[in-house]
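The following exercises concern a ligand and its surroundings. Please study the sequence and the structure shown here, then work through each task before reading its solution.

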Amino acid sequence: LERNRNLNTIIIECLNKPMIELLQKIGLAADELQFNAFAVGGFVRDLLLKKNNLDLDIVIEGDGIQFAKNLARKLQGRIKTHERFGTAMIMLPDGTKIDVATARLEYYEYPAALPTVELSSIKLDLYRRDFTINAMAIQLNPEHFGTLIDFFNCQNDLNQRSIKVLHNLSFVEDPSRIFRAIRFEARMAFEIAPHTRRLMHNAVSMQLFGKTDDPRFFSELKQILSEEDPVPAIRRLAEFNLFPFLWPELKPHLKVDRRFLHILHQAQRAISWFRLLYLDEPCHNWMVYLLAIMSRSPDEVLTAFCSRFQIPQKIADRLIWQKTHAEKTANLLSRREIIANSEIYWLLKELSIEGLLYLMALARKNQVKKAASNYVTALRYIRTDLTGDDLMALGYRPGPEFKMILNDLLDARLDDRVHNREEEIALLHRTYPPDSLAAAGPHA
Ligand code: CTP
């Protein structure tokens with residue numbers, strides 16, 4: 001394989017015109033400042049795999065911040081800079097996100113990791129990355145536009161679908177890469193190479209994860225649980241003995257056994273069912289899977305997990321509330337053969353989509369699953385025709401009873417006792433005759 005082959009053909013074949021033009025503009029903007037500009041990382045990996053990747057990572061040999069400010073001005077983008085790290089993020093008007101980093105030589109920081117100091121900036125930048133498949137660059141300056149930069153035989157590993165670190169200290173420098181290796185392996189059907197596998201086992205047995213407060217851990221776990229099918233990666237987490245690190249409280253009970261896999265598969269089924277019906281409705285799949293993983297444990301285990309990984313309090317509270325409420329409701333529903341729509345509605349109303357899908361995953365009896373799917377597909381959309389304003393127009397005086405009256409009407413609607421405005425009014429007059437309500441009765 002050529003080390004510096006030109007990728008123009010693949011670029012033209014795989015990227016759309018706006019993206020190609022953007023890459024060219026980046027190259028031109030770099031030339032103006034006499035910097036070198038490269039696209040790097042997952043963008044290059046996915047381009048060579050002919051897969052779409054909309055996140056653009058740029059590395060600048062020169063001053064990344066100065067470059068990013070220039071580029072943002074030219075493209076009318078918004079910019080956020082981190083001077084300390086020499087990085088910037090540009091958001092273009094069409095939503096495209098460009099991350100810009102500065103490649104610098106800093107030998108003194110990584111003496112052990114670096115066998116040589118004669119590296120060019122981009123070479124050093126690539127050498128510090130997680131895996132060879134992510135350590136290629138494409139030059140963007142006009143004169144060399146499209147040239148693939150591959151110092152470490154990365155193309156070969158990509159072709160062999162092999163995940164390899166660039167040096168032995170990779171997991172010591174950044175233990176969250178253990179999760180990344182597992183994620184890439186499962187997502188792209190790659191294989192972690194034997195030497196890298198050994199380094200991972202070593203890192204785990206050396207307990208390199210003293211610092212669980214590193215936000216990268218949770219961010220990587222979240223990404224694993226957000227993959228289309230996270231089950232193979234979850235199995236792999238167990239094989240690498242990461243369960244005791246992730247959820248130590250679960251350790252005595254939690255094995256990847258039939259029951260554990262069953263609930264994960266149920267969660268997966270519920271999620272795909274929902275996706276098929278509601279493509280555009282947001283749903284945090286990782287929450288459903290996390291709840292499923294925690295399903296056999298008391299709330300305290302989830303609480304402990306959230307605080308160990310520094311999950312923001314608001315999200316932690318939401319997770320715990322959904323867990324408690326979904327489990328209680330699943331229990332309640334499983335004890336009832338026949339249950340009115342209105343009852344289902346009020347029982348499930350407070351659950352988020354994630355909580356509802358978790359409840360479906362939990363359900364052992366069909367009636368529970370049916371109640372939840374009935375709620376998701378139909379009941380949650382049902383409204384009364386009459387509103388508070390209508391009640392006033394009909395002569396009822398506003399007061400605390402309004403809520404009760406409207407809820408009664410909604411119950412009737414849910415249970416199919418009324419079907420339109422006229423029937424609602426008839427029911428209203430029957431149930432709340434004008435003189436039956438002291439406070440809310442008609443004025444006249
Ligand atoms: N990277 C790294 N070590 C990490 C995280 C990231 O070396 N712990 C590098 C990798 O070279 C990676 C790049 O930073 O390609 C961008 O990271 P990220 O956006 O997280 O990953 P992608 O490779 O783009 O993968 P994905 O498709 O999942 O976004």
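**Exercises on the ligand site**

**Exercise 1.** Identify polar contacts of the ligand in this predicted model, and state how much of the ligand the protein covers.

*Solution.* Begin with R187: an N or O atom in the side chain of R187 is 2.7 Å from an oxygen atom of the ligand. The protein covers 78% of the 570 Å² of accessible area that the ligand has on its own. Next, take R45, where an N or O atom of the side chain is 2.9 Å from an oxygen atom of the ligand. Finally, turn to D130; here a backbone N or O atom lies 2.7 Å from a ligand oxygen atom.

**Exercise 2.** Determine how many residues surround the ligand and how they divide by character.

*Solution.* The ligand is surrounded by 16 residues. R45, D130, D174, R183 and R187 are the closest. By character, the shell divides into nine charged residues, six polar and one nonpolar.

**Exercise 3.** Which pocket does the ligand take up, and which elements give two or more residues to the shell around the ligand?

*Solution.* The ligand takes up the space of the largest pocket. Two or more residues of the shell come from each of α3 (42–48) and α8 (177–188). Of the elements, α8 gives the most, with five residues.

**Exercise 4.** Explain why the ligand lies between domain 1 and domain 2.

*Solution.* First, note the bounds: domain 1 spans 1–159 and domain 2 spans 161–246. Both domains give residues to the shell around the ligand, so the ligand lies between them.

Notes:
Residues are numbered from 1 along each chain as its sequence is written. This is a predicted model: local features need pLDDT of at least 70, side-chain atom pairs count only at pLDDT 80 or more; totals for chains, interfaces and linings use all residues. Side-chain values use heavy atoms; hydrogens and water are left out. A residue is near a molecule or strand if one of its heavy atoms lies within 4 Å of it. A polar contact is a pair of N or O atoms within 3.5 Å; within protein, one must be able to donate a hydrogen and the other to accept it, and residues adjacent in sequence count only if both atoms are side-chain atoms. Accessible areas come from the Shrake-Rupley method with a 1.4 Å probe; for residues, only the protein chains shown count as cover. On a 1 Å grid over the protein atoms alone, a cavity is a set of points where a 1.4 Å probe fits but cannot get out, and a pocket is an open set with protein on both sides within 12 Å along at least five of seven lines; lining residues have an atom within 4 Å of a point. A molecule sits in a cavity or pocket if more than half of its atoms lie within 2 Å of its grid points. Helices (H or I, at least four residues) and strands (E, at least two) are DSSP runs, numbered from the N terminus. Ala, Val, Leu, Ile, Met, Phe, Trp, Tyr, Cys and Pro count as nonpolar, Asp, Glu, Lys and Arg as charged, and the others, Gly among them, as polar. Domain bounds come from an automatic or database domain assignment.
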